Amino acid sequence: MKTIDPQQLRAALPDLHTTLKLAGLAQPVEVWRDAWGIPHIRAANEVDLYFAQGFATAQDRLWQMDFDRHQALGRWAEWAGEAGLARDRLLRASGMAQAARADLAVCSPEAQRMVEAYARGVNAFIETTQALPVEYTLLEEKPEPWQAWHCLAVYKIRNTLLGSFEPKLFRTRLLKRFGPERLAALVKGYPQGHLLTVPPDAEYLGPALDVEGLLRPLAAGWLDGVDLGSNAWALGGQHTRSGLPLVGGDSHRGLDVPNVYYQIHLACPDFDVIGHAVPGVPGALHFCHNQHVAWGMTHGMADTQDLYVERFREGGREYLFKGQWRPAQVHHETIAVRGAAAVAVEITRTHHGPIIAGDPRHGAAVAIADPGLREATPWLDAVRDAMAARSVADLDQALSRWTDRVNNYAVADTQGHFGYLHAGLIPIRGEANGWGAVPGWTGEHEWQGYIPHAELPRALDPEAGYAVTCNQRVAGADYPYYVGLIFAAQHRARQVQRHLLGLQEQGVATLAEMQAIHAESGSLPARIWVEALSQVKPLDEASARAQGLLRQWDGRMDRNLPQPLIYTQVKACLLARVSADLFGALAGAPGSEAHLRQLELELALALERGEEALLPAGQHWPEVLAQSLQEAVTLLQKKLGPEPGVWRWGQVHHTQPRHPLSPFFPEAAQHLDPPRIEAHGDGDTPLAGGYSHAAPFAVATVSVNRYLFDPSDWNQCRWIAPLGASGHPASPHWADQAQHWADVEYIPQLWDWAQIAAQGSCQQLEPQA
């Protein structure tokens, strides 16, 4: 088995101190790195700034950039072998590479120069460095030159797969196997009385979804032959000590190694912006502020990916649409596979999009329609314009060209304006498209353009005095467009709202008070479950001891307490029982995770109301809860010992950061994987610590950043990341923020250049004579 040693790890570290003369620069650039290794780059012009950003990012994250590039282009099997084939097939079929090229072609000349300069900077590092990341040593590979369009492909791979197509495929399979009645039991829509985003203090009052009425016309054989979290908030200046608004938030995603985002500060005469970049993409895209405006971001939860069942003939060369047979676009590609023979793939497209499921040669298959893959858009101009925004209004105008994914933005500026924006392309079509794959041949489910940016939900300077966006439903039932079916429960949003209302009463909020929102580990659904569990009759002595502990608990998902573990295991046992009854063999299938989370919500609501329709036939809450409590305690005793009082949530609820190459080079994993850290929270708390039902209870979804912005004094801003700035395991900045992150602490977000110079080290990049 191939491995690496500490000497090889150290030899892979880049030179961050020597003055370098580089072809492609017009004027000198300063790259300061603070005590946490975060780059602060200052250039005399915009083009040199992006060149230096590309160079500095390659110094810290070149292999991560290349990993994302290989994935986006459907070339992961070149490094991962046959284990990467399935993903490569999907990415080749999606046409992500072609979409990236097309997007770049329609961007403005200024945006094109932006990515071209960045690519030149990346290549300058590749051509001049004496040390490449250690991953290339393991793979016995070298990086290929970086091209400008690769920047757009890398961004897409990090975001396109956050779409809605997998849950739709899952619902399609459920519909085919069980019919619309089962879907009606599982997907009931956003609950009445739960918090909306717009207006900030409004609750959803719409009707329940008419699942059967909508789907029954589609369920008569038309599927035959087919094989099938984040928080952000803004508080108005009338409630803060400075008189100007505050912005805070965190982005919830999987913990990648290295982290998905890259902390960076970029300054030139046109703008000065600090925030988070995606390695491989120029600019600072999200969770940023410049001199004038701040913006946090969360996933908009909009349904923008539709699935169409296509009917084919002539071996998949023609497909039916409105009674006529159209020629399909068919081409062939070859996927190179590490350690095995290359694999030929046939890629088919209809006017809806690429085929991603089924085989056209067998007469039927599923195409995906996605705004980010379907047509070219100049979204990179939105990035560039946002960095130069001078107000919330400017930022809103910049985001009018944003495409993929649809995002929520908590915003504030130095003029005192604040609130919420929604941005991205949402197709206009009927709600039937949201449930699963729809007939593609009838023409009844076509897109009718996109919701105009000016008609997207927004709340600027709202009367409520705050805005909260935690992936909950954005708008009420009276909003005229279909946006989506599946949203996050209101639990996190309610907790954030409670804190903001408390700060409003005090009227003197500062960033110090805002920190309590990030640290909030109280679970609202836990209170529902514990109240019910406290009333059941335990089936044995161990269950009685566990019940006694739950009765003493306030619902905080603290890593040092036993109660979060008992509660979560009880819920998992009951959920497994109910999902097996409802999903059958589809339980655990791709796309089911989103519906297991929805089922958790529906079970909590049913428990609160005393409803038993979701339980297996003939069973009732008292007996089901008692049995689940007994089963949970028995499982935990086998794993952690006989006494519930000494168990701790953190024993099983911890991060599990794993480098993408660790599965393929297990002997090197000890060097590639950062240490595990015990974590608070779960998926229902603002202090995020979500887990996958397929692998309980290790942390799968974390705050991949936390930030607090104060427009009255940018020097007061703070941030933290779950690992570190560097992608090199031997670097002191590989995971130096991790424990501070786990303890909900922050590091300063240095803004003033005199402070940066006083605390950091500088590398000078100069033009080559």
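## The open sheet

In this predicted model, eleven strands are arranged as an open sheet of mixed pairing, and their order across the sheet is β1-β26-β2-β3-β6-β7-β8-β9-β17-β18-β20. The edges are taken by β1, residues 20-22, and β20, residues 458-460; each of these has a single partner strand, so one side of each is left without a neighbour in the sheet. When direction is ignored, neighbouring strands of the sheet are turned against each other by 20° on average.

## Strands β9 and β17, and the helix packed on the sheet

Within this order, strand β9, which covers residues 293-299, pairs with strand β17, covering residues 407-413, in the antiparallel sense and over seven bridges. Tryptophan 295 has valine 411 of β17 standing opposite.

Helix α14, formed by residues 392-399, packs on the sheet and touches β9, β17, β20 and β18, the last of these spanning residues 418-423. The direction of helix α14 makes about 155° with that of β17.

## Cysteines without a disulfide

How many disulfides does a search of the whole structure find? The search finds zero. Cysteine 107 is in no disulfide, and the nearest cysteine sulfur, which belongs to cysteine 151, is 11 Å away, whereas a disulfide would require the two sulfur atoms to be within 2.5 Å. Cysteine 107 has a relative accessibility of 6% and therefore counts as buried.

Cysteine 288 is likewise in no disulfide, the nearest cysteine sulfur being that of cysteine 717, at 12 Å. With a relative accessible area of 0%, cysteine 288 is buried.

Key:
Residues numbered from 1 in each chain as written. Predicted model: local features only at pLDDT ≥ 70, side-chain atom pairs only at ≥ 80, totals over all residues. Heavy atoms only, no water. Buried < 20%, exposed > 50% of the residue type's maximum accessible area, 1.4 Å probe, protein only. Pairing = 2+ DSSP bridges. Helix = DSSP H or I, 4+ residues; strand = E, 2+ residues; numbered from the N terminus. Axes fitted to C-alpha atoms, helices over the stretch in contact; angles between N-to-C directions. Contact = heavy atoms within 4.5 Å.
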